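User: Please examine one part of this model closely, namely the second largest pocket, and then describe the packing of the protein around it.

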Amino acid sequence: KNGFTLCCLNQTAWSDFRNVMSKFLPCLLGVGVNHTNLIVDSIVGSYLPEGELTLLHHAYRFLNVPLSAFAITASVTLLPYFSSVAIYAKKRLHFYLLEVAKVITWAALPTAFFIGWHSKNLFSMLFASYASPEQISMAATLLVMLVAGLPFLCLNRSLTKIFYSLGDTVTPTIVVGITTTLKIFGNIFSVFVYGGVYGIILTTLLGALLHTPIMLWLLIKNH
């Protein structure tokens with residue numbers, strides 16, 4: 001009725017399929033790199049003193065709340081719009097990137113200050129029954145350190161979607177691979193040499209801070 005039919009794949013269909021897979025596989029690899037980083041973090045973190053890995057996981061979980069609300073939602077929503085702009089007005093993407101950066105900054109900074117200010121009260125309310133005051137203070141400090149990098153973590157996701165809208169799925173994957181590799185070595189150094197659980201958080205922040213200028217530079221250079 002609507003013109004849909006089933007038929008054997010011809011040369012054009014196979015060519016389109018290869019084109020789609022050439023764009024999809026780097027995205028899949030990038031997600032795999034992120035999950036590999038989480039696995040390595042858990043393995044390396046298992047050598048931390050008792051209880052510190054749990055505090056680290058709780059801090060990351062609380063960070064995911066604003067990250068999901070701002071970064072993931074905004075980037076997924078804006079990807080179709082970025083893609084349409086890239087087709088008919090590619091040069092306007094820099095303007096929309098600036099606007100996205102403004103919105104992320106205005107939303108993420110107050111949220112980061114709010115979470116950081118109330119972090120100790122938050123952990124005291126949730127874990128007072130089985131966590132010591134020292135552990136609650138450590139968890140609050142870890143969360144404060146993490147939310148300090150919230151604007152960069154949010155902006156990195158939007159930058160990735162701009163690359164995707166331009167048909168470039170390889171560059172973000174390469175950048176993620178480089179920064180993740182550096183984070184893994186930094187985490188190993190923190191746990192076994194110097195820094196401990198605070199070093200792991202610091203490595204995460206440095207990875208996010210390094211990720212942003214590299215992505216911006218490659219976006220300007222290649223597109």
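Analyst: A pocket is here an open set of points on a 1 Å grid over the protein atoms alone, with protein on both sides within 12 Å along at least five of seven lines; its volume is the space filled by probe spheres set on the points. The model is a predicted one. By that construction, about 150 Å³ of space lies in the second largest pocket. Its lining consists of Lys-90, Lys-91, Leu-93, His-94, Leu-97, Ile-162, Leu-166, Leu-219, Ile-220 and His-223. Two or more of these residues come from each of α3 and α7, and α3 supplies the largest share, 3 residues. In character, the lining divides into 6 nonpolar, 2 polar and 2 charged residues.

Helices α3 and α7 also contribute two or more residues each to the largest nonpolar core, as do α2, α4, α5 and α6. This core has 49 residues, and those with the most contacts inside it are Tyr-60, Leu-63, Phe-123, Leu-142, Leu-150 and Ile-201. Leaving aside residues up to four places away in sequence, Tyr-60 touches Leu-146, Ile-200, Ile-201 and Thr-204.

Helix α4 can be taken next. Its buried residues are Ile-136, Met-138, Ala-139, Ala-140, Leu-142, Leu-143, Met-145, Leu-146 and Val-147. The cover over them includes α2, α3, α5 and α7. Helix α4 comprises 15 residues (133-147), so at 1.5 Å a residue it should span 21 Å; the end C-alpha atoms are 21 Å apart, which agrees.

Notes
Residues numbered from 1 in each chain as written. Predicted model: local features only at pLDDT ≥ 70, side-chain atom pairs only at ≥ 80, totals over all residues. Heavy atoms only, no water. Helix = DSSP H or I, 4+ residues; strand = E, 2+ residues; numbered from the N terminus. Expected span 1.5 Å × (residues − 1). Buried < 20%, exposed > 50% of the residue type's maximum accessible area, 1.4 Å probe, protein only. Contact = heavy atoms within 4.5 Å. 1 Å grid on protein atoms, 1.4 Å probe; cavity = no way out; pocket = protein on both sides within 12 Å on 5 of 7 lines; lining within 4 Å. Nonpolar A, V, L, I, M, F, W, Y, C, P; charged D, E, K, R; others polar. Core = buried A, V, L, I, M, F, W, Y, C linked by side-chain atoms within 4.5 Å.
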